[in-house]
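Reader: I've got a structure open and I'd like to learn how to read it. Can we walk through a few features together?

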Amino acid sequence: MNRRTLPLADFQIPEISLGCMSLPEKKNEGIKIIQAAISSGINLLDTADLYQRGFNEEMVGEAIQDRRDQVLLASKVGNEWRKDGSGWDWNPKKEYILKAVDASLARLKTDYIDLCQLHGGTIEDPWDETLEAFEILKKEGKIRAFGISSIRPNVIRKVMELNPPASIMMQYSPLDRRPEEVVFPVLEQSEIRVLVRGAFAKGLLIDKESSDFLSYHAEKVKAMKDFLNSFVYSTESLLIRFGLSQKAVASLVIGASSVGQVEKMLRAYEEGMQIEEDFIQAIRRKLPANHYQDHR
C-alpha cells in the first residue's frame, strides 16, 4: 500500500483508508474486518462519535488494543446527541468539542487521536472558538492533527484563512465532481490534503440499482455506470484510480462490511495502480462535470 504525506501532520497515510461507518453491528465481525484491513496495510481507520451512538468507536478501540502503534486513528466531532435519543444537533462550540473528544478517547481506549475532524460546519459557525478547541487538544497531546469534513467552498476558504487543517474530507466520484471546479485547484497550491469519501458513489456506479443522485436522474446514473463497466478494468479499480489521480487527494476512505470486501478492495487498488493516468484523463473528459450551486 503506497502512502501519501499530510504536510500539516507529522505522519503519512495509506492511499486507501477503512471507513468504519459501514462495519456490521456484531462486534466480532467488525473487529475481524478492522484487523484484516490493518494486516493488509490499510491502517488508517476513520470513525466518528456519531456512528452507532459511539459503539463504532468502542468497536474500533477494542480491535486495536494490541496494535495501537500500527494504526492511525481518525475520528470526528461536532454532532451532539439529544438526551432523549431522538437525534442530534450541530454543536461546534469549544466547550462541547473538548468534552466530546475526551469521551471519544475513552471509547477508543487510547490517549490520543491521530486526526480529529470537525464533522461538518457552516459559514456562520463560531470558528475562532472551534479552531481554538483543536489547538488546545493538540497542546494537550490528545490529538496529533485536526481536519474538517466539508464540501462547502466558502467554509473551506474560511478555515484556510484562520487555521489551515491538515485534511479536508469531502465527497468525490464521477457522479460528484464538484471539487474539481474550485476546491481541488486551491488545495493543490496549499499543504492541505483531501480524504475522499463516497468514491464508489454509494455503490451506484458498481452494483446498486440506479437511482437519482444530486442533479442526475436514474437513467443518467445508469448510463454512466454502463460506460464505466464497459472497460477491461474492474469498475472498482477505475474509481479508485479516478480518485487518487487528483493531486490534492491523500487517501480514499472506503467502507467494508465483510473481510471479503476488504480483500476485493485491495485487489481493485492493486489493479488501479496499473491504469495509466492518460486513460483516466480520457474517461474524465467523456464524463459530465457538475458544479456547486450553493455555499460558493
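Reader: Let's start with one residue: does Ala-201 count as buried or exposed?

Author: Keep in mind that this is a predicted model. The cut-off for buried is under 20% relative accessible area. Ala-201 has 1% relative accessibility, so it counts as buried. You'll find Ala-201 in the loop between E11 and helix H7 (218–228). Its backbone has a positive phi of about 50 degrees, although Ala-201 is not a glycine.

Reader: And Arg-53, which also isn't a glycine: what is its phi?

Author: Arg-53 has a positive phi of about 55 degrees. Look for Arg-53 in the loop between E4 and helix H2 (55–63). With a relative accessible area of 49%, Arg-53 is partly exposed.

Reader: Now the strands. Which residues of strand E3 point which way?

Author: Here's the general idea: in a regular strand, side chains alternate between the two faces of the sheet. In E3 (residues 16–19), Ile-16 and Leu-18 point one way, while Ser-17 and Gly-19 point the other, and all are buried.

Reader: Which residues stand opposite Ser-17 and Gly-19?

Author: Ser-17 faces Val-253 in E12. Strand E12 (residues 249–255) pairs with E3 in the parallel sense, over four bridges. Gly-19 stands opposite Asp-46 in E4. Strand E4 (residues 44–46) also runs parallel to E3, joined to it by two bridges.

Reader: How many residues does the largest nonpolar core have?

Author: First the background: nonpolar side chains in soluble globular proteins tend to be buried together. In this model the largest nonpolar core has 79 residues, and Ile-34 and Leu-45 have the most contacts inside it. Helix H3 (residues 94–108) gives the most to this core, with six residues. Leaving aside residues up to four places away in sequence, Ile-34 touches several residues, among them Leu-18, Leu-45 and Met-59. There's also a second, separate core of 14 residues, including Phe-11, Leu-72, Leu-115 and Ala-166.

Reader: One last stop, Arg-193. Where is the nearest side chain of opposite charge?

Author: That's Glu-191, 7.6 Å away, and Arg-193 is buried yet has no salt bridge. To find Arg-193, go to strand E11 (residues 193–197). Its side chain does reach the backbone oxygen of Ser-190, at 3.1 Å. Not counting residues up to four places away in sequence, the contacts of Arg-193 include Thr-5, Pro-7, Ala-166 and Lys-247.

Methods
Residues are numbered from 1 along each chain as its sequence is written. This is a predicted model: local features need pLDDT of at least 70, side-chain atom pairs count only at pLDDT 80 or more; totals for chains, interfaces and linings use all residues. Side-chain values use heavy atoms; hydrogens and water are left out. A nonpolar core is a set of buried Ala, Val, Leu, Ile, Met, Phe, Trp, Tyr and Cys residues joined through side-chain atoms within 4.5 Å. Buried means under 20% relative accessible area, exposed over 50%, partly exposed in between (1.4 Å probe, protein chains only). Contact means heavy atoms within 4.5 Å. Lys and Arg count as positive and Asp and Glu as negative; His and the chain ends are not counted. A salt bridge is a side-chain nitrogen of Lys or Arg within 4 Å of a carboxyl oxygen of Asp or Glu. A polar contact is a pair of N or O atoms within 3.5 Å; within protein, one must be able to donate a hydrogen and the other to accept it, and residues adjacent in sequence count only if both atoms are side-chain atoms. Two strands pair if DSSP finds at least two bridges between them.
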